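Student: I should like to examine the following structure with attention to how its terms are defined. Please set each value against its definition.

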Protein chains: 2
Amino acid sequence: MLVRIEPTSDEPLFEQIAASIRSDAAAGRLRSGDRLPPAREVATALDVNLHTVLRAYQDLRDEGLVDMRRGRGAVVTDAVAALAQLRNEIDELVAQSRHLGISPELLTSLVKEIAHDR
Amino acid sequence: MLVRIEPTSDEPLFEQIAASIRSDAAAGRLRSGDRLPPAREVATALDVNLHTVLRAYQDLRDEGLVDMRRGRGAVVTDAVAALAQLRNEIDELVAQSRHLGISPELLTSLVKEIAHDR
DNA sequence: AGAGTTGTTCTAGTTGATATAGAATAACTT
DNA sequence: AAGTTATTCTATATCAACTAGAACAACTCT
């Protein structure tokens, strides 16, 4: 389990951390029952504040991707199965989007808008 | 042409304005050659600063969705055709995502991550 | 040519989210 | 009982978002 961030990006650190873990989940690198590394450990490894990592973990919990308990840590839920199932279709959409010359930013914005509107 | 925003949302105003216009474009309500309303007009109508609207317009220009010139305003480009083409597939993805119980936020984040990674 | 329109650029100030820091606490594991 | 880990609290610093006002440059229309 390796969390990657890009300190120079304009994306918030907590969002990058969460995105990295979501990506691992969708790719099947994280399975139901797996434990995320302790927040303190990630914070030290990335040279980032503990609260920043916890913010990312809490977002993942709000999305239903992990369960969190003190002393036990963050454990991946069954929801990851659905992610892996969606993965192929997202790949196809991204591929066609590229073929049409639509930027990742524009595609993302469109999906966001449509997903929220119905 | 009607731009809608939600002042209470945590989404930046300029992003909401841009998203509203992208949505109109993808739905076919905006066609190549159509003019966006003047930024000053939108600013007054939404009770928002001129710079905030221009920031949204400039983002749309960076995405290739509109051309902008002083005195003439913002004109929709041919790129909208590609958007309308993608629209159906995005609708399908969103539908399946809902069926799997995946939140709009999670779906959006996944698409963003995957679109940028390849 | 002249007047009006519209985006561009500049300076400046306010607010809120992001991130950091340190500490104490509560729930869980071994 | 001891160690681990998330939770909660206060506090501070920084930066993006937003606002405000003004001047400017390129385009349209009469």
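**Contacts, axis and DNA surfaces**

Tutor: Across the interface, 34 residues of chain A are in contact with 34 residues of chain B. This is a predicted model, in which local features need pLDDT of at least 70 and side-chain atom pairs count only at pLDDT 80 or more, while totals for chains, interfaces and linings use all residues. Residues are numbered from 1 along each chain as its sequence is written, and chains are lettered from A and ligands numbered from 1 in the order in which they are written.

Student: What makes two residues count as being in contact?

Tutor: Their C-beta atoms, placed from the backbone, must lie within 7 Å. By that criterion, α1, α4 (79–99) and α5 (104–117) of chain A each supply at least two residues of the side that touches chain B. Helices are DSSP runs of H or I with at least four residues, strands are runs of E with at least two, and both are numbered from the N terminus. The largest share of this side of chain A, 13 residues, comes from α5(A).

Student: How is the side of chain A that touches chain B divided by class?

Tutor: It has 17 nonpolar, nine polar and eight charged residues. Here Ala, Val, Leu, Ile, Met, Phe, Trp, Tyr, Cys and Pro count as nonpolar, Asp, Glu, Lys and Arg as charged, and the others, Gly among them, as polar.

Student: How do you know how the two copies are related?

Tutor: A rotation of 180 degrees with 0.1 Å of shift along its axis superposes chain A on chain B, with an RMSD of 0.1 Å; the fit is by least squares on the C-alpha atoms of residues with pLDDT of at least 70 in both. The two copies are thus related as by a two-fold rotation axis. In chain A, the C-alpha nearest the axis belongs to A:Thr108, 3.2 Å from it.

Student: Why is it said that the copies meet through the same surface?

Tutor: Because 100% of the interface residues of chain A are also interface residues in chain B, the copies meet through the same surface.

Student: Why are α4(A) and α5(B) called oblique?

Tutor: Their axes come within 10 Å and cross at roughly 55 degrees. Axes are lines fitted to C-alpha atoms, for helices over the stretch in contact, and angles run from 0 to 180 degrees between N-to-C directions. Angles under 35 degrees count as roughly parallel, over 145 as roughly antiparallel, 65 to 115 as roughly perpendicular and the rest as oblique. The pair α4(A) and α5(B) is therefore oblique. In this contact, A:Leu83, A:Ile90, A:Asp91, A:Val94 and A:Ser97 meet B:Leu110, B:Val111, B:Ile114 and B:Ala115. These residues divide into seven nonpolar, one polar and one charged.

Student: What makes α2(B) oblique to α3(B)?

Tutor: The helices α2(B) and α3(B) pack at about 125 degrees, with axes 8 Å apart. That angle makes α2(B) oblique to α3(B). The contact is made by B:Ala39, B:Arg40, B:Val42 and B:Ala43 of α2(B) with B:Leu50, B:Val53, B:Leu54 and B:Tyr57 of α3(B).

Student: Which residues come nearest to DNA strand C, and what makes a residue near a strand?

Tutor: A residue is near if its C-beta atom, placed from the backbone, lies within 6 Å of the strand. Of the 22 residues around DNA strand C, A:Leu13, A:Asn49, A:His51, A:Gly71 and B:Ala39 come nearest. The largest share of that surface, three residues, comes from α3(B). Around DNA strand D there are 22 residues, the closest being A:Arg70, B:Leu13, B:Asn49, B:His51 and B:Gly71, and α3(A) gives the most to that surface, with three residues.
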